[in-house]
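Welcome! Here is a short tour of one protein model, from its inner packing to its open spaces. Keep the structure in view and look up each residue as it comes along.

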Amino acid sequence: MNRVIHPIEQESFRRLRARLDTSGFPPLTRAVVERVVHSSADLEYAADLVMDEARLERAHAALHRGAPVVADVEMVAAGITRRETVCRLREARSGPGLTRSAHAVRLAYEEVGPGALWVIGCAPTALEELLTLDVSPALVIGLPVGFVGAAESKAALRESRLPAVSNVSEKGGSAVAAAALNALLYHPVSTEETL
């Protein structure tokens, strides 16, 4: 089913491209950068985001083959369109040395197992917990926001060598994390990916 693009979104992307030249990025990287910049109106993301095109290609294929999508919070889940997500925050409980967000990651992993796409836009502790598990993800979109632990958890994600989309700075959030996943959802599927 083709996605109908509203004229306001078309005009927004036209203006974005008039202010930011994304033509030098590979296709999926460009899609993620543009969608994140569009969701935040923050052109600095073009230089702040970190990702690898080959890993995005594999994640894109997994996503379109039906790999599960896990969101750390309901705001991320609400922002992901055209796809059901797993978010276990409502059932999660905090405890000694364990935040509710970290427990939600454990619960979600019990449900989905390896091969999922993880979208973390709120809690650095969710990303930290994910890195302690043997999740073997298709992709981790690690874009939590905050002054405590956000930049550090994203640096740890990059050091883990897991397939990921992250950024260097403290900024991030639910909207940009959902936007990064939506970029992969909206990007056309090639014939090679369906084989």
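A nonpolar core is a set of buried Ala, Val, Leu, Ile, Met, Phe, Trp, Tyr and Cys residues joined through side-chain atoms within 4.5 Å. Keep in mind that this is a predicted model. With that idea in hand, let us start inside and work outwards.

**The nonpolar cores**

- The largest nonpolar core has 44 residues, and the members that touch the most other members are Val 32, Leu 117, Ile 141 and Leu 181.
- Which element gives this core its largest share? Helix 9 does, with 9 residues.
- Another core, of 16 residues, lies apart from the largest one, and its members include Val 105, Ala 123, Ala 126 and Val 135.
- Try clicking on Leu 181: setting aside residues up to four places away in sequence, Leu 181 touches Leu 63, Val 69, Ile 80, Leu 117, Val 119 and Ile 141.

**Ser 174 and helix 9**

- Helix 9 covers residues 174-186, and Ser 174 lies in this helix.
- Is Ser 174 buried or exposed? Ser 174 has a relative accessible area of 17%, and buried means under 20%, so Ser 174 counts as buried.
- What does Ser 174 contact, if neighbours within four places in sequence are left aside? The partners are Val 73, Met 75, Val 76, Gly 121 and Cys 122.

**Rings and a charge**

- How many aromatic pairs does the structure hold? The count is 0.
- One ring does have a charged partner: Lys 171 lies over the face of Tyr 45, at 4.8 Å from the ring centre.

**The cavity**

- The structure holds 1 cavity of 30 Å³ or more.
- About 40 Å³ of space lies in the largest cavity.
- Its lining is made by Val 70, Ala 71, Asp 72, Ala 104, Val 105, Ala 108, Trp 118 and Ile 120.
- Strand 2 (69-71), helix 6 (100-112) and strand 3 (117-120) are the elements that give two or more residues to this lining.
- Helix 6 provides the largest share of the cavity lining, with 3 residues.
- Val 105 is worth a second look, as this residue lines the largest cavity and is also among the members of the core of 16 residues.

**The largest pocket**

- The largest pocket has a volume of about 350 Å³.
- There are 15 residues lining this pocket, and Phe 13, Arg 17, Glu 34, Arg 35 and Tyr 186 are the closest to its centre.
- Helix 1 (7-19), helix 2 and helix 9 each supply at least two residues of the pocket lining.
- Helix 2 gives the largest share of the lining, 5 residues.

**Two residues with a positive phi**

- Ala 41 is not a glycine, yet its phi is positive, at about 55°.
- Where is Ala 41 found? Look in the loop between helix 2 (27-40) and helix 3 (45-48).
- Ala 41 has 72% relative accessibility and exposed means over 50%, so Ala 41 counts as exposed.
- Arg 82 is not a glycine either, and its phi is positive at about 65°.
- You will find Arg 82 in the loop between helix 5 (74-79) and helix 6.
- Arg 82 counts as partly exposed, because its relative accessibility is 48% and partly exposed lies between 20% and 50%.

Methods. Residues are numbered from 1 along each chain as its sequence is written. This is a predicted model: local features need pLDDT of at least 70, side-chain atom pairs count only at pLDDT 80 or more; totals for chains, interfaces and linings use all residues. Side-chain values use heavy atoms; hydrogens and water are left out. Helices (H or I, at least four residues) and strands (E, at least two) are DSSP runs, numbered from the N terminus. Buried means under 20% relative accessible area, exposed over 50%, partly exposed in between (1.4 Å probe, protein chains only). Contact means heavy atoms within 4.5 Å. Rings of Phe, Tyr and Trp (its six-membered ring) pair if their centres lie within 6.5 Å; planes under 30 degrees apart count as stacked, over 60 as edge-to-face and the rest as tilted. A charge sits over a ring if NZ of Lys or CZ of Arg is within 6 Å of the ring centre and within 35 degrees of the ring normal. On a 1 Å grid over the protein atoms alone, a cavity is a set of points where a 1.4 Å probe fits but cannot get out, and a pocket is an open set with protein on both sides within 12 Å along at least five of seven lines; lining residues have an atom within 4 Å of a point. Grid points are joined across faces, edges and corners, and a volume is the space filled by probe spheres set on the points.
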